[in-house]
Amino acid sequence: MPTAIHLIHGDCLEKMKNMPAGETNLVVTSPPYNLGINYNTYQDTSDRSAFITWCLEWATEVKRVMSEDASFFLNVGAAPSNPLLPHQLLLALTDTGKTPLFTLQNTFHWVKSISVQTRTGETVSAGHFKPINSKRYVNDCHEYVFHLTKSGTVPLDRRGAGVPYVYKSNIARWGHTEGKDKRCRGNTWFIPYDTIMSRSKDRPHPATFPVGLVEQCIRIHGQGEATNLLDPFNGIGTSAVAAYRSGISSYTGFDIDEDYLAVTHERLRAEEEEETELF
Ligand SMILES: C[S@@+](CC[C@H](N)C(=O)[O-])C[C@H]1O[C@@H](n2cnc3c(N)ncnc32)[C@H](O)[C@@H]1O
């Protein structure tokens with residue numbers, strides 16, 4: 001069955017109210033971060049407390065539509081001059097002083113670029129980042145993905161999103177492997193952006209995440225084809241493309257900008273065409 005895709009123009013806070021309670025088992029999203037990004041329609045400049053209040057409003061709606069075993073993967077980046085934003089938002093969403101909206105079950109680091117030194121002393125660098133021209137700040141090569149759940153006890157498919165063992169002898173040594181060459185990859189996810197030739201043509205949006213990031217969330221959540229994915233801040237539909245490629249049951253995305261939704265439709269058409277050519 002192809003993924004049922006619902007792309008809806010409008011304010012997610014209002015539009016989510018039309019969704020049934022408890023039927024969404026996966027939410028992956030990246031809201032505007034209030035860092036002055038130049039979106040088509042949204043003004044990304046409200047003051048911090050108004051921004052947090054707004055986030056609590058839409059997150060309350062997200063919680064209402066989530067099933068008890070749902071996972072909510074919240075991607076939030078920072079700016080070097082504004083490093084506390086992700087933590088302030090997270091504290092508001094999980095504040096234990098009041099009834100918390102969510103429990104923080106895992107924290108993932110989405111690594112966009114990394115340099116590692118091999119045992120032979122060679123330095124290998126991979127990925128892309130926006131270089132910062134500064135004497136006090138280093139280049140910012142990661143963002144957070146907070147894994148929020150209602151209970152803090154939602155089981156994950158750690159191996160489904162896992163990696164093969166480097167030392168294959170570990171497979172037989174440890175019982176928990178069940179003889180399979182896959183281990184949990186941990187909470188550092190190196191997922192680079194695709195290399196593009198033209199920003200305006202290939203990625204016409206100022207703040208996207210890569211398809212691979214959403215695919216990884218779908219895999220680790222582990223509900224396979226039965227996944228109903230919601231992204232309240234659809235942008236140009238990266239989550240929609242991941243839903244389509246993963247063959248999950250359904251995807252619902254909202255955006256206040258019609259042009260971004262039009263790009264989403266184009267991206268999905270291109271996916272379909274590519275698939276037709278393959279067969
Ligand atoms: C960080 S971007 C999401 C990008 C997306 N993850 C992608 O890869 O294309 C946030 C998006 O939220 C949209 N937006 C802002 N306020 C909104 C609202 N109240 N309801 C729905 N969408 C909104 C903006 O137009 C922007 O496209």
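Three exercises on helix packing and ligand contacts follow, each with a worked solution.

The model is predicted, and local features need pLDDT of at least 70, side-chain atom pairs pLDDT 80 or more, while totals for chains, interfaces and linings use all residues. Residues are numbered from 1 along each chain as its sequence is written, and side-chain values use heavy atoms, without hydrogens and water.

**Exercise 1.** Find how α2 and α3 are oriented to each other.

Step 1. Helix α2 covers residues 48–65 and helix α3 covers residues 85–94; helices are DSSP runs of H or I, at least four residues, numbered from the N terminus.

Step 2. The two pack at about 45°, with axes 10 Å apart. Axes are lines fitted to C-alpha atoms over the stretch in contact, with angles from 0 to 180 degrees between N-to-C directions.

Step 3. Angles under 35 degrees are roughly parallel, over 145 roughly antiparallel, 65 to 115 roughly perpendicular, and the rest oblique. α2 and α3 are therefore oblique.

**Exercise 2.** Do the same for α6 and α7.

Step 1. Helix α6 (residues 211–221) and helix α7 (residues 238–246) have axes that come within 8 Å and cross at roughly 55°.

Step 2. α6 and α7 are therefore oblique to each other.

**Exercise 3.** Locate polar atoms that lie close to atoms of the ligand.

Step 1. A polar contact is a pair of N or O atoms within 3.5 Å.

Step 2. A side-chain polar atom of aspartate 11 is 3.0 Å from a ligand nitrogen.

Step 3. On the backbone, a polar atom of phenylalanine 209 lies 3.2 Å from a ligand oxygen, and one of isoleucine 256 lies 3.4 Å from a ligand nitrogen.

Notes. A polar contact is a pair of N or O atoms within 3.5 Å; within protein, one must be able to donate a hydrogen and the other to accept it, and residues adjacent in sequence count only if both atoms are side-chain atoms.
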